[in-house]
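Here is a short set of exercises to work through with the model open beside you. Try each task before reading its solution.

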Amino acid sequence: MFACVFSLQATSAPWQSSSKRRMLNHGSMSLNVRLSNLLSSGRWLLILTLNRPLELLMSSFLFSPYVAIELSCMIESISTTNPRIEWKKIKKGEPSYVFFEKEIAGDLEKRAKIREPATLVILNATRADTADYRCEVTAPNDQKSFDEILISLTVRVKPVVPRCSVPKSVPVGKPAELHCLEEEGYPKSQYQWFRNKEEIPEDPKSSPKFFNSTYTLSGETGTLKFSAVRKEDAGEYYCRAKNEAGFSECGAQMMEVYDINIAGIILGVVIVVTVLLCITVGIFCAYKRGYFTSQKQTGNNYKAPAKGDGVDYVRTEDEGDFRHKSSFVI
């Protein structure tokens, strides 16, 4: 018999099901699925058992982060005494060893361990552990000497509080953008916007309250764009980021929408132009009256005083030193 056991260290079941036991068909094999609660340890075991040894099984399960996850290959009724067991992690199509030659390897080297005979225990699982895990069994003494089990593991992370950007005030008729972003959740978050606690639909035509609004909303990027805001678009806005693990919301922020005062703008422009004109005229008048000119008397522009009757002045080499050229009689 070839069985695969998943164990989650948690106080609640790691999956949602209406039944704790179900029977599935896998080709010519039957697969018995049983969810069992171990009351003594508070752990849940998801047990899948095939009725034929060494057959291929691919399963996909979702787990929350920061718990211990056990993936086990339990091999029974085979002839080989010590089968070779290897675990590989496959991410983006690239395989890497997790358990090779009886030692933990790769990025799980310090966060995982092997519990004999073939149980892989991932301690404190994180989003980085999301991948496909393959258990390979080699049994040389058996009729079928090799087989494997492939398990697709997704570690879900609840979104953290998103970062929201809402403009405080926007004039009527102008464009506006609201942004919402969260990068910790896994799988990637989807976004919803709310106005006054009412969800904004992606298609405004689908709701009578938003029928006349001119916006586009992207649930992938979390961007809400208004091409021309209306008075009715004013209100408290907040964003919700959600994925399979849960959701988180940012706090509400008020966006005001106001009318543009055309008359006030025109009056302000007229006042500014008038003031500038008055200043220009004042400067021009002052210049014409000579308030912005000054004359300095120097040796080069000195003018000799007019000659008096009977007096003749001559200039010497020393500036400002004059003497009589001829005497005069009073």
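Buried means under 20% relative accessible area and exposed over 50%, with partly exposed in between. With that cut-off in hand, Asn124 is partly exposed, because its relative accessible area is 45%. Please keep in mind that this is a predicted model.

**Exercise 1. Get an overview**

Task: find how many helices and strands the protein has, and what share of its residues counts as buried.

Solution. Start with the secondary structure: the protein has one helix and 25 strands. Next, turn to burial: 35% of the 330 residues count as buried. Then look at the surface, where about 21000 Å² is exposed and carbon and sulfur atoms supply 53% of that area. Finally, consider the contacts between residues at least 6 apart in sequence: 59% of them join residues at least 24 apart.

**Exercise 2. An annotated segment**

Task: determine what secondary structure the chain adopts over residues 262-287.

Solution. Begin with the record: UniProt, in an unreviewed entry, lists residues 262-287 as "transmembrane region". Now compare with the model, in which this stretch is 100% helix and 0% strand. The C-alpha atoms at its two ends are 38 Å apart.

**Exercise 3. Follow the hairpins**

Task: trace the chain from strand 7 to strand 9 and work out which residues in the turns have a positive phi.

Solution. First, strand 7 (84-91) and strand 8 (94-100) run antiparallel and are joined by five bridges. Within this pairing, Ile90 stands opposite Pro95. Two residues lie between the strands of this hairpin, and Lys92 in the turn has a positive phi of about 55°. Lys92 counts as exposed because its relative accessibility is 83%, over the 50% cut-off.

Second, strand 8 also runs antiparallel to strand 9 (residues 103-104), through two bridges. Here Phe100 stands opposite Glu103. This hairpin again has two residues between its strands, and Glu101 takes a positive phi near 50°.

Why do these angles catch the eye? Most residues other than glycine have a negative phi, and most peptide bonds are trans.

**Exercise 4. Two faces of a strand**

Task: sort the side chains of strand 11 by the way they point, and say whether they are buried or exposed.

Solution. Start with the neighbour: strand 10 (residues 112-115) pairs with strand 11 in the antiparallel sense over four bridges. A hairpin of three residues connects the two, and Lys113 has Val121 as its bridge partner. Now sort the side chains: Thr119 and Val121 point one way, Leu120 and Ile122 the other way, and all are buried.

Moving on along the chain, the loop between strand 11 (119-122) and strand 12 (131-138) holds Asn124. Asn124 has a positive phi near 50°, though it is a residue other than glycine.

**Exercise 5. Rings in pairs**

Task: the structure holds five aromatic pairs; classify the pair of Phe194 and Tyr238 as stacked or edge-to-face.

Solution. Take the geometry: the ring centres of Phe194 and Tyr238 are 4.9 Å apart, with 5° between the planes, so the pair is stacked, the cut-off being under 30 degrees. Then place the partners: Phe194 lies in strand 17 and Tyr238 in strand 21, so the pair ties together parts that are 44 residues apart in sequence. Phe194 is buried at 6% relative accessible area, and Tyr238 is buried at 13%.

For contrast, Phe226 and Tyr237 form an edge-to-face pair, 6.4 Å centre to centre with 85° between the planes. This pair links Phe226 in strand 20 to Tyr237 in strand 21, 11 residues apart. Phe226 counts as buried at 4% relative accessibility, and Tyr237 is buried at 0%. To finish, ring pairs link Phe210, Tyr215, Phe226 and Tyr237 into a cluster.

**Exercise 6. Two loop residues**

Task: decide whether Val229 is buried or exposed, and find which peptide bond is cis at Pro187.

Solution. Locate Val229 in the loop between strand 20 (224-226) and strand 21 (235-243). Val229 is buried because its relative accessible area is 2%, under the 20% cut-off. Leaving aside neighbours within four places in sequence, its contacts include Val170, Pro171 and Val257.

Pro187 sits in the loop between strand 16 (176-181) and strand 17 (190-195). The peptide bond from Tyr186 to Pro187 is cis, with omega near 0°.

Terms used
Residues numbered from 1 in each chain as written. Predicted model: local features only at pLDDT ≥ 70, side-chain atom pairs only at ≥ 80, totals over all residues. Heavy atoms only, no water. Buried < 20%, exposed > 50% of the residue type's maximum accessible area, 1.4 Å probe, protein only. UniProt positions renumbered as here; feature names shortened; annotations may be inferred. Pairing = 2+ DSSP bridges. Contact = heavy atoms within 4.5 Å. Areas by Shrake-Rupley, 256 points an atom, 1.4 Å probe, with all protein chains shown as cover. Phe/Tyr/Trp six-rings, centres within 6.5 Å; stacked < 30°, edge-to-face > 60°.
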